[in-house]
Amino acid sequence: MAGLQRFSGDGSRSRIMTLTAPVVASILYPIGVVMSQQKQFNIAVIGATGVVGREFLKIAEERRFPVKSLRLLATERSAGKRIPFGEGEITVEVTTHDAIKGADFVFISATGAISKEYGEVSRDVGAIAIDDSSAWRQEADVPLVIPEVNPDDVMWHKNILAIPNCSTTPLVMCAWPLHKQNRITRIIADTYQSVSGTGSAAVAELEAQSRAWAKGEKSPASVYPQEIAFNVLPHVDTFLDSGYTKEEWKMTAETRKIMHEPDLPLSATCVRVPVFFAHSVSAHIEFEKPIKAADVRAILKDAPGVIVQDDPATNSYPTPLASAHKDAVFVGRIREDSSKANSIAMWISTDNIRKGAALNAIQIAEEMVKRGLV
Ligand code: 2RA
């Protein structure tokens with residue numbers, strides 16, 4: 001059994017034990033959970049020490065994903081760190097091709113270059129890669145999946161599957177159930193994206209700049225091109241020749257692919273805001289036929305993974321602060337767009353690290369397990 005190490009007692013390195021699979025199962029899952037009858041999987045997580053990687057581990061435990069063995073992989077800088085999992089800790093190893101041999105699932109949340117390389121290696125060694133980057137999302141033989149929207153797309157995978165960008169997922173989770181009832185003809189989406197979407201260095205930068213500001217000092221921008229504290233930057237990812245950013249292009253291209261609507265008109269403006277966790281979207285959606293705000297509320301109330309929070313009389317609407325660390329996509333401020341017939345405006349907030357990334361990845365794996373694809 002590859003790689004799962006558990007520290008006993010004081011956790012000293014001399015007392016590292018490598019455990020066999022049945023022991024692991026009995027340690028990770030409380031007595032009474034019938035793990036022996038459930039298929040279990042060898043998992044490798046690339047980018048295990050990052051914001052998404054750590055959330056992935058939390059969610060795998062919460063959802064009792066059937067783990068047989070777990071290898072946590074990262075850069076040399078992080079190798080040797082110990083990360084809690086179950087009742088023990090696992091030592092982070094350097095990402096190598098050998099380290100993913102024997103894995104059933106390889107979850108990748110690292111750089112685009114690592115995603116590209118390790119997606120290919122996963123495929124070559126017969127593992128299933130579920131990738132969080134944009135490296136594979138537009139490849140014709142790579143399904144881009146939100147299990148609540150297009151679960152059947154897992155069926156045609158060729159060992160690499162991608163999860164959508166964290167600003168795309170919440171929008172599509174709300175748009176898709178409406179589109180099924182009344183065809184969408186155009187979407188305008190403006191995002192308010194938290195710094196955790198950039199990674200832990202950006203979270204630290206916002207904190208440092210906020211603390212410095214409170215003391216009347218300045219802390220320089222290094223992750224972002226300009227200060228992010230008490231500011232908003234209409235700039236997420238790189239600028240393209242079209243004048244859009246790559247993040248904005250991703251929202252269009254990914255929404256089209258997931259909804260199987262290759263010509264769906266969508267224009268996005270993606271904005272970074274001084275919020276730690278959870279992305280928000282202000283969406284204006286036009287439909288083929290007339291539609292009422294009440295219809296939208298009713299449809300979205302039944303939409304899987306979506307919670308309607310829409311009571312202006314009590315100041316109840318989604319916010320990033322309240323949506324952070326939760327699984328659902330929260331939607332509110334649903335109203336008929338006064339500027340255009342057959343159009344609805346709405347406001348969406350979602351934890352970008354959970355449903356926007358780690359949770360969606362685990363749900364894809366769960367969908368594949370449910371369908372006996374692995
Ligand atoms: C961001 N959407 O928020 C990106 C992360 N995938 O920067």
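**Exercise 1. Place arginine 64 and judge its backbone and exposure.**

Step 1. Locate it. Arginine 64 sits in the loop between helix H2 (51-62) and strand E4 (67-74). Note that the model is predicted.

Step 2. Read the backbone. Its phi is near 55°, a positive value in a residue other than glycine. Most residues other than glycine have a negative phi.

Step 3. Count neighbours. A residue is buried at 20 or more other C-beta atoms within 10 Å, and exposed at 12 or fewer. Arginine 64 has 13 C-beta neighbours inside 10 Å, so it counts as partly exposed.

**Exercise 2. Do the same for asparagine 342.**

Step 1. Asparagine 342 lies in the loop between strand E15 (329-336) and strand E16 (343-350).

Step 2. Asparagine 342 is not a glycine, yet its phi is positive, near 55°.

Step 3. Asparagine 342 has 17 other C-beta atoms within 10 Å, so it is partly exposed.

**Exercise 3. Check the length of helix H3, then find what covers its buried residues.**

Step 1. Helix H3 (residues 112-124) has 13 residues. At 1.5 Å a residue, H3 should span 18 Å.

Step 2. Compare with the model. The end C-alpha atoms of H3 are 18 Å apart, which agrees.

Step 3. List the buried residues. In H3 they are Ser115, Tyr118, Gly119, Val121 and Ser122. An α-helix has 3.6 residues a turn, so residues three or four places apart point the same way.

Step 4. Find the cover. It includes strands E3 (41-46), E8 (105-108), E9 (128-131) and E10 (160-162).

Step 5. Look past the helix. Glycine 126 follows H3, and its phi is positive, near 80°.

**Exercise 4. Describe helix H4: span, kink and burial.**

Step 1. H4 (residues 168-181) has 14 residues. From first C-alpha to last, H4 reaches 20 Å, close to the 20 Å expected.

Step 2. Find the kink. H4 bends by about 30° at alanine 175, shortly before proline 177.

Step 3. Assess burial. In H4, 11 of the 14 residues are buried, so the helix is largely enclosed by the rest of the structure. Among them are Thr168, Met173, Trp176 and His179. Ala175, the site of the kink, is also buried.

**Exercise 5. Which residues surround the ligand, and how do they divide by class?**

Step 1. Name the shell. Around the ligand are Asn165, Cys166, Ser167, Gln193, Gly197, Thr198, Val236, Glu247 and Asn352.

Step 2. Sort by class. The shell has 2 nonpolar, 6 polar and 1 charged residues.

Methods: Residues are numbered from 1 along each chain as its sequence is written. This is a predicted model: local features need pLDDT of at least 70, side-chain atom pairs count only at pLDDT 80 or more; totals for chains, interfaces and linings use all residues. Helices (H or I, at least four residues) and strands (E, at least two) are DSSP runs, numbered from the N terminus. The expected span of a helix is 1.5 Å times one less than its number of residues. The bend at a residue is the angle between axes fitted to the seven residues ending there and the seven starting there. Two residues are in contact if their C-beta atoms, placed from the backbone, lie within 7 Å. A residue is near a molecule or strand if its C-beta atom, placed from the backbone, lies within 6 Å of it. Ala, Val, Leu, Ile, Met, Phe, Trp, Tyr, Cys and Pro count as nonpolar, Asp, Glu, Lys and Arg as charged, and the others, Gly among them, as polar.
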